[in-house]
2 protein chains.
Amino acid sequence: MEDLLKEKGYKITPARLAILNVFAKSKLPLTAEDICKELKKDKNNRGINEATVYRTLTSFVEDHILKRVDFRKESAYFELTDEHHHHITCIKCETVEDFESKDVEKALGGVVRNSSRFISIQDHSLELFGFCKKCS
Amino acid sequence: MEDLLKEKGYKITPARLAILNVFAKSKLPLTAEDICKELKKDKNNRGINEATVYRTLTSFVEDHILKRVDFRKESAYFELTDEHHHHITCIKCETVEDFESKDVEKALGGVVRNSSRFISIQDHSLELFGFCKKCS
DNA sequence: GTAGTTGCAAAAGTTTTGCACGTAC
DNA sequence: GTACGTGCAAAACTTTTGCAACTAC
């Protein structure tokens, strides 16, 4: 965790470690508000300021420690970039399941080769929306 | 355009027609603000109220006339659902190119069959981010 | 005529920013 | 010691809502 920060040239601060820990413990993408709430639960700090959370999220995304996830909601969701996977969200109950698919990744690789104006893909967002077995 | 509205049970109003026209003319996904600005240019109306634009966007998405697009920006982008395609956005200059790929769609079809908890996919978001030839 | 639609203004929610103080290195 | 990081408060920006007036049908 500390190594990750050093590697990117960040100073090691309690706020950054705490935020990374929240993500490390969470199985789901989180909003800034989710993180603030989670940080308030910890008695060691009295919560880390909202502004710090937003600033940290923004710079972590720039440095590819976090990535944004599109849940078609008002607020922005984030998760660690360390594992590459996507999500299927139930339209009804909002259950989220992770998935990864070699076939999808392979097919995406073909897209740039067919593009006349683009030369490389750095990253992609992929979110599926459907019904889980309980809600179907 | 009017037929589309009738089909979904909407009353035909100037605001709805104007908003649909803005989308029909645009090659790119638009934010609520983009639409308000575009509507103000037309001398026939003095602009349609912001609240109406938001209300219209929300209901059009519910009725699948529009869909949300994830550009990892603060505000929400929308486009007509009539064509199914995705976007590649240049990380540097923000050029957007549309693409579609049978291979990707086919691969996505396989995902739900491998899922233990999901039974059907209704919709998906897919956005690629990379470098265009000019910016690479 | 009536249900549905709109404008306006106010509010709610999300994110950013300036500045003074604090801390990692 | 210095450059970077944080807290606080204010502001900016995006979206939603209540209500009265209006309009499509």
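1. Surface near DNA strand D. In this predicted model, three helices each supply at least two residues of that surface: α2 (14-25) and α4 (50-62) of chain A, and α4 (50-62) of chain B. Near means that a heavy atom of the residue lies within 4 Å of the strand. Helices are DSSP runs of H or I with at least four residues, strands are E runs of at least two, and both are numbered from the N terminus. α4(B) gives the most, with 5 residues.

2. Who sits around strand D. There are 21 residues around DNA strand D, and Thr13(A), Arg16(A), Thr52(A), Arg55(A) and Tyr54(B) come nearest. By class, the surface holds 8 nonpolar, 5 polar and 8 charged residues. Nonpolar covers Ala, Val, Leu, Ile, Met, Phe, Trp, Tyr, Cys and Pro; charged covers Asp, Glu, Lys and Arg; the others, Gly among them, are polar.

3. Backbone or base on strand D. Of the strand D atoms within 4 Å of the protein, 71% belong to sugar or phosphate, and the rest to bases. Phosphate oxygens of DNA strand D are approached from both chains. A polar side-chain atom of Thr13(A) is 2.7 Å from one such oxygen. For a side-chain N or O atom of Tyr54(B), the distance to a phosphate oxygen is 2.7 Å. Ile12(B) uses a backbone N or O atom, at 3.1 Å.

4. Strand C. Here the contributing helices are α4 of chain A, with α2 (14-25) and α4 of chain B, each supplying at least two residues. The largest share, 5 residues, comes from α4(A). Of the 20 residues around DNA strand C, Tyr54(A), Thr13(B), Arg16(B), Thr52(B) and Arg55(B) come nearest. The classes are 7 nonpolar, 5 polar and 8 charged.

5. Atoms on strand C. Sugar or phosphate accounts for 69% of the strand C atoms within 4 Å of the protein. A backbone N or O atom of Ile12(A) lies 3.0 Å from a phosphate oxygen of DNA strand C. Ala76(A) also uses a backbone N or O atom towards a phosphate oxygen, at 3.1 Å. Arg55(A) addresses a base: a polar side-chain atom is 3.3 Å from a base oxygen.

6. Chain A against chain B. The two chains bury about 3800 Å² between them, 59% of it on carbon and sulfur atoms. Buried area is the accessible area (1.4 Å probe) lost on putting the two parts together, summed over both. Arg68(A), Arg72(A) and Phe118(A) supply 18% of what chain A buries against chain B, more than any other three residues. In contact (heavy atoms within 4.5 Å) are 39 residues of chain A and 39 of chain B.

7. Salt bridges. The two chains share 4 salt bridges, each a side-chain nitrogen of Lys or Arg within 4 Å of a carboxyl oxygen of Asp or Glu. One involves Arg72(B) and Asp123(A), with the closest N and O atoms 2.9 Å apart. On the chain A side, β3 (86-90), β4 (96-99), α5 (102-113) and β5 (118-132) each give two or more residues. β5(A) gives the most, 15 residues.

8. Conventions. Residues are numbered from 1 along each chain as written, and chains are lettered from A and ligands numbered from 1 in written order. The model is predicted, with local features needing pLDDT of at least 70, side-chain atom pairs counting only at pLDDT 80 or more and totals for chains, interfaces and linings using all residues, while side-chain values use heavy atoms, leaving out hydrogens and water.

Notes:
Polar contact = N/O pair within 3.5 Å; in protein donor to acceptor, adjacent residues only side chain to side chain.
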